[in-house]
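Here are a few short exercises to work through with the model open on your screen. Try each task before you read its solution.

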Amino acid sequence: MIKKLRVNKEMTQTELATACGVTQGTIAQWEKGIAFPKAEKIPTLCRVLGCDSNLLLKAAEDRQKKKVG
């Protein structure tokens, strides 16, 4: 979900990382589902990507269900 939103905004991983105060590697991990943004990063991420936090949380929940089931 994060990658889709980032690409729609025509941003690179590096640009998103700079805007969120994290590394490009962190963005790559978020996009691959290896990691999820810490709670304090979600508002900034949503502001930069122009999305609602519920969208990100729902995507993370759906991904977790796929891993379990």
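**Exercise 1. Work out how helix α4 and helix α5 are arranged, and which residues join them.**

Start with the axes. In this predicted model, helix α4 covers residues 42–49, and its axis comes within 9 Å of that of α5. The two axes cross at roughly 110 degrees.

Next, put a word to that angle. The range from 65 to 115 degrees counts as roughly perpendicular, so α4 and α5 are roughly perpendicular to each other.

Now find the residues that touch. On the α4 side you have I42, L45 and C46, and they meet S53, L56 and L57 of α5.

Finally, sort the contact by character: 5 residues are nonpolar, 1 is polar and none is charged.

**Exercise 2. Do the same for helix α2 and helix α3: what are the angle and the distance between their axes?**

Locate the pair first. Helix α2 takes in residues 13–20 and helix α3 residues 24–32. Their axes are 8 Å apart and the packing angle is about 105 degrees.

Then classify. That angle makes α2 roughly perpendicular to α3.

For the contact itself, α2 puts in Q13, T14, L16 and A17, while α3 brings Q24, I27, A28 and E31. Split by type, the contact of α2 with α3 has 4 nonpolar residues, 3 polar and 1 charged.

**Exercise 3. Find the largest cavity and say which residues line it.**

Begin with the count. The structure has 1 cavity of 30 Å³ or more, and the largest cavity holds about 70 Å³ of space.

Go round its wall next. You should pick up M1, I2, W30, A35, F36, P37, L56, A59, A60 and R63.

Ask which element gives the most to this lining. That's helix α5 (residues 53–68), with 4 residues.

Last, check the character of the lining: 9 residues are nonpolar, none is polar and 1 is charged.

Two of the lining residues, W30 and A60, make a handy check on sequence versus space. They're 30 residues apart in sequence, yet their C-alpha atoms are 9.9 Å apart. As for its setting, A60 lies in helix α5. With 23% relative accessibility, A60 counts as partly exposed.

**Exercise 4. Decide whether L5 is buried or exposed, and list what it touches.**

Place L5 first: it's in helix α1, residues 2–8.

Then apply the cut-off. Buried means under 20% relative accessible area, and L5, at 12%, therefore counts as buried.

For its partners, skip the neighbours within four places in sequence. That leaves L49, C51, L55 and L56 in contact with L5. For a distance to try yourself, go from L5 to L16: 11 residues along the chain and 11 Å between C-alpha atoms.

**Exercise 5. Compare the settings of two loop residues, E10 and G21.**

Take E10 first. You'll find E10 in the loop between α1 and α2, where its phi is near 55 degrees, a positive value in a residue other than glycine. Over 50% relative accessible area counts as exposed, so E10, at 72%, is exposed.

Turn to G21, in the loop between α2 and α3. Its relative accessible area is 54%, so G21 is exposed too.

To finish, get the spacing of G21 and L55. They sit 34 residues apart in sequence, with 21 Å from C-alpha to C-alpha.

Definitions and conventions
Residues numbered from 1 in each chain as written. Predicted model: local features only at pLDDT ≥ 70, side-chain atom pairs only at ≥ 80, totals over all residues. Heavy atoms only, no water. Axes fitted to C-alpha atoms, helices over the stretch in contact; angles between N-to-C directions. Parallel < 35°, antiparallel > 145°, perpendicular 65-115°, else oblique. Contact = heavy atoms within 4.5 Å. Nonpolar A, V, L, I, M, F, W, Y, C, P; charged D, E, K, R; others polar. 1 Å grid on protein atoms, 1.4 Å probe; cavity = no way out; pocket = protein on both sides within 12 Å on 5 of 7 lines; lining within 4 Å. Points joined across faces, edges and corners; volume = space filled by probe spheres on them. Buried < 20%, exposed > 50% of the residue type's maximum accessible area, 1.4 Å probe, protein only.
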